[in-house]
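Here's a quick briefing for anyone meeting this structure for the first time. Have a look at the picture, then read on.

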Amino acid sequence: MTNFENRYVAIQRESAYGSASSLGTAKIGEVDDESIIGNLEILDRMDISKYGMTKSQTGKMYSEGDVNWVLQADDFSGLMMYAAMGKDSHSSGTHTMSDDRTGSLDSYRIIVQREQKKYTYTGMCLTRLSISANLNEYVMCSATFNGKAFDVSSGIASLNASPAYDGAALDGMFFKNATVKFNNTGTASAFVKSFSMEINLNLDTDNACALGDDTYTRQPPMQRREVTGTIEFNQPMINGALPSGQQNEPLMTELLADGGYEDNPDSGAGEFAIHASFTDGTNTTSLTLFDVRYEAPTGYNVSGRDTQTMSVNYRAYVDVQGSNPAGKQLEISHKGIQTSSAYSAL
């Protein structure tokens, strides 16, 4: 019989890549679903003397998969974001995370309790994190991890009968308390219908292996960090055609102009191109992008029954000029439950 009460996903920092020892306490999250699995590649051999394959070997062995959950003001969500960022300063319960420029991000243990056993995956490194907010929905998060081969001898354990969920007393953040601001404007846009942002670390898993080993012998190196996303407006944003309330949103006339449109305020400290904020009514998580280049708008054509909208993809760049925080691409502020220190000190 299905036992829904047993299921959970937890994340815990490792003391060294793939090490059995860990740091701090595992943070158990309330997730929607997960797809973490152990995987392996099969090497087949076929010669001209046989009509089919006759020999094989096990190739690279690794773990991978996704975790999807609702954004909450807990440390499960916070550690997931820290896994993508790498730097964290802490003050009065708020974690301010910025991108690590050295590429030496932490590795993690992902612990998944299913209906019969608890599975532990080691050497797990985050390669992708997305956060999205849509009208009439909770704010959703999704993370993709890659890690070492699953150890069937030590990775399967008995159930934890009494899991302590990190955010059990909290509800998720949702559309009613979401705001998006543009071009260092203090007032939120009234025209945003949905917002998404994705961080991709492009882990080089091929160069984590060494000759003679069948799994990762070192932490997969991070390649170029890409921060991208999409914003949907509930009507085309055309200069001079908007009702009152326009707040420096990117306009179609700017996006389709010769050379496109880049938003990089750079006239005062801490100025942003996009600032998205989500709350549960008490606690807040915010995403700040300092230099953004927009792509051409899409989705503004009309049909016989649908309301006209406009979608815009964007790319975030490292802000290397002006008086914005030097060299920053993204900053995340997260109010978490853990209040004694930064995630980097857990």
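Is D206 buried or exposed? D206 counts as exposed, because its relative accessibility is 59% and the cut-off for exposed is over 50%. Keep in mind that this is a predicted model. D206 also takes part in a salt bridge, so let's start there.

**Salt bridges**

- The count comes to nine salt bridges, and three of them are picked out below.
- D206 pairs up with K60, with 3.6 Å from N to O. D206 sits in the loop between β13 (192-200) and β14 (226-233), while K60 is in strand β5 (residues 55-70), so the pair links distant parts of the chain, 146 residues apart. Unlike exposed D206, K60 counts as buried, at 16% relative accessibility.
- R13 and D106 meet through their side chains at 3.1 Å, N to O. R13 belongs to strand β1 and D106 to the loop between β7 and β8 (108-113), so this salt bridge ties together parts that are 93 residues apart in sequence. R13 is buried, with a relative accessible area of 8%, whereas D106 is partly exposed at 22%.
- R114 and E34 form another salt bridge, at 3.0 Å from N to O. R114 lies in the loop between β8 and β9 (118-134) and E34 in strand β3 (residues 31-34), so parts 80 residues apart in sequence get tied together. Both ends are partly exposed: R114 has a relative accessible area of 22% and E34 has 24%.

**A buried charge without a salt bridge**

- D99, found in strand β7 (residues 94-99), is buried yet has no salt bridge. The nearest side chain of opposite charge is R225, 4.5 Å away.
- What does the D99 side chain have around it? A polar atom of that side chain lies 3.4 Å from the backbone nitrogen of Q329, and one lies 3.3 Å from the backbone nitrogen of L330.

**Cavities**

- There are two cavities of 30 Å³ or more.
- The largest has a volume of about 70 Å³. Its lining includes D106, the salt-bridge partner of R13, and by class has nine nonpolar, two polar and one charged residues.
- The second largest has a volume of about 30 Å³, and R13 is among the residues that line it. Strands β1 (8-14) and β2 (22-29) are the elements giving two or more residues to that lining.

**One loop residue**

- L256 sits in the loop between α2 (252-255) and β15 (261-263) and is partly exposed, with a relative accessible area of 48%.

Terms used. Residues are numbered from 1 along each chain as its sequence is written. Side-chain values use heavy atoms; hydrogens and water are left out. On a 1 Å grid over the protein atoms alone, a cavity is a set of points where a 1.4 Å probe fits but cannot get out, and a pocket is an open set with protein on both sides within 12 Å along at least five of seven lines; lining residues have an atom within 4 Å of a point. Grid points are joined across faces, edges and corners, and a volume is the space filled by probe spheres set on the points. Ala, Val, Leu, Ile, Met, Phe, Trp, Tyr, Cys and Pro count as nonpolar, Asp, Glu, Lys and Arg as charged, and the others, Gly among them, as polar. Helices (H or I, at least four residues) and strands (E, at least two) are DSSP runs, numbered from the N terminus. Buried means under 20% relative accessible area, exposed over 50%, partly exposed in between (1.4 Å probe, protein chains only). Lys and Arg count as positive and Asp and Glu as negative; His and the chain ends are not counted. A salt bridge is a side-chain nitrogen of Lys or Arg within 4 Å of a carboxyl oxygen of Asp or Glu. A polar contact is a pair of N or O atoms within 3.5 Å; within protein, one must be able to donate a hydrogen and the other to accept it, and residues adjacent in sequence count only if both atoms are side-chain atoms.
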